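Please follow the strands, the nonpolar cores and the surface of this chain in turn, with the sequence and the structure side by side.

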Amino acid sequence: MTTPEPLGEACVPGEPAPTPQHPSPPAAPPAGYPYAASYPPAQGYPPAQGYPPAQGYPPAQGYPPAQGYPPAPPRQGPPAPTGKALNVLGLISVIAGGLGFVLACSSLMQGWGAMIPAGMLLLTGFVLAIVSLFRKGQGKGLGIAGLIVSIVGSIVGFVALVTAITFAVGNVFVDETGELFDSIEEQAQEEAQEPPASSETGPVELLPLGSTVTSEDWEVTVNSVSLAQTDVVLAENAFNGEPEPGYEYILVNVTTTYVGDAPDGEMPGFVSFDYVAASGEVTPPPLLLIPDELDRVTVLQQGGSATGNIVLVAPTETASDGAIAVTPGLMADPEFVATQ
């Protein structure tokens, strides 16, 4: 709506409007103007009556209430990345644990050399796996895998360590035991190889067949000696081998009686027999199956006895000239009994 411009001075509310100053009427057209006759005669303006008091403008009609636009959607940032970051410590723990596991397995064959690096790698993998599980915003799968591999590798390494120690101790024990038995056997052979003949006082007297050799623990009686028993021994078992050329098997029947005081008794196996040739050659008893063999593994209590045969090897030509060396106990000295 256009507001009319006031004429003259401004109106003041409550006071009469000032008399407007009308402009002069337009002049009549000059004579001789072609269309002068068409103009009506000039009419003067009526006298100014004054303007009525200002009534003011009608109250402003406001705009209809704003309907408003629908709320704008919230502003969205860049899309969030999917998944979690790679767990680097977990990956390193898997690699270290895997290498330690491989070395722990190989230590079963390679021995002590691979155990130290295997243990260091397994420990590193275990620690890194534990740390990786507490890192936020990273996957846990690699950490769990590293932890499992490290634990399994540690178990394998422990088994390998125990096995290696067991074998090492066992080898030492076997070596020492073997050396001890070798020394005992060598000493026994040296003692047995001493001929039962001459000394400064003359030849050693042989005990007659049927004599009893005694010690603190045993009483051993040589009942009989049967020469040339090779065929009998070979017929007893097909696995019995033949003696060396120039030698034969003989069977010696003996009775062993335990007279010691050990609460648990002892076995006749502590009593030993050897054949000593006239030349001083000693032949230990072979391991064969023979008829009526002496039971040497049953424990005998005090006063108990066992009777049976033992087999010895003697030279075929001089078998009857030799003697039976009887040792009644581990710490006893041998005595010699004639074969006839």
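Strand 2 and strand 3 run antiparallel and are joined by eight bridges; strands here, like helices, are DSSP runs numbered from the N terminus (E, at least two residues, for strands; H or I, at least four residues, for helices), and two strands pair if DSSP finds at least two bridges between them. The model is a predicted one, in which local features need pLDDT of at least 70 and side-chain atom pairs count only at pLDDT 80 or more, whereas totals for chains, interfaces and linings use all residues. Residues are numbered from 1 along each chain as its sequence is written, and side-chain values use heavy atoms, with hydrogens and water left out.

Within the pairing of strand 2 with strand 3, V222 stands opposite V254 of strand 3. Strand 2 (residues 218–226) also pairs with strand 1, in the antiparallel sense and over three bridges, and these two strands form a hairpin with three residues between them. In that pairing T212 has T221 in strand 2 as its bridge partner, while V213 stands opposite V220.

These pairings belong to an open sheet of four strands, with the order 1-2-3-6 and antiparallel pairing. Its edge strands, each pairing on one side only, are strand 1 (212–214) and strand 6 (305–315). Neighbouring strands of the sheet are turned by 30 degrees against each other on average, direction ignored, where the axes are lines fitted to C-alpha atoms and angles run from 0 to 180 degrees between N-to-C directions.

The largest nonpolar core has 23 residues, and those with the most contacts inside it are V222, I250, V252, F273, Y275, I324 and V326. Such a core is a set of buried Ala, Val, Leu, Ile, Met, Phe, Trp, Tyr and Cys residues joined through side-chain atoms within 4.5 Å, and buried means under 20% relative accessible area, exposed over 50% and partly exposed in between, with a 1.4 Å probe and protein chains only. Strands 2, 3 (247–258), 4 (271–276), 6 and 7 (323–328) each supply at least two residues of this core. A second, separate core of seven residues includes Y249, L288, I290 and V313.

On the surface, L123, F126, V127, I130, V131, F134, I151, I155, F158, V159 and V162 make a nonpolar patch of about 1,000 Å²; patch residues have over 30% relative accessible area and no salt bridge (a side-chain nitrogen of Lys or Arg within 4 Å of a carboxyl oxygen of Asp or Glu), and nonpolar side chains are joined within 5 Å. Helix 2 (115–133) and helix 3 (141–192) are the elements that give two or more residues to this patch. I151, found in helix 3, counts as partly exposed because its relative accessibility is 40%.

Note on methods
Patch = residues over 30% accessible without salt bridge, like charges linked within 9 Å, V, L, I, M, F, W, Y side chains within 5 Å. Areas by Shrake-Rupley, 256 points an atom, 1.4 Å probe, with all protein chains shown as cover.
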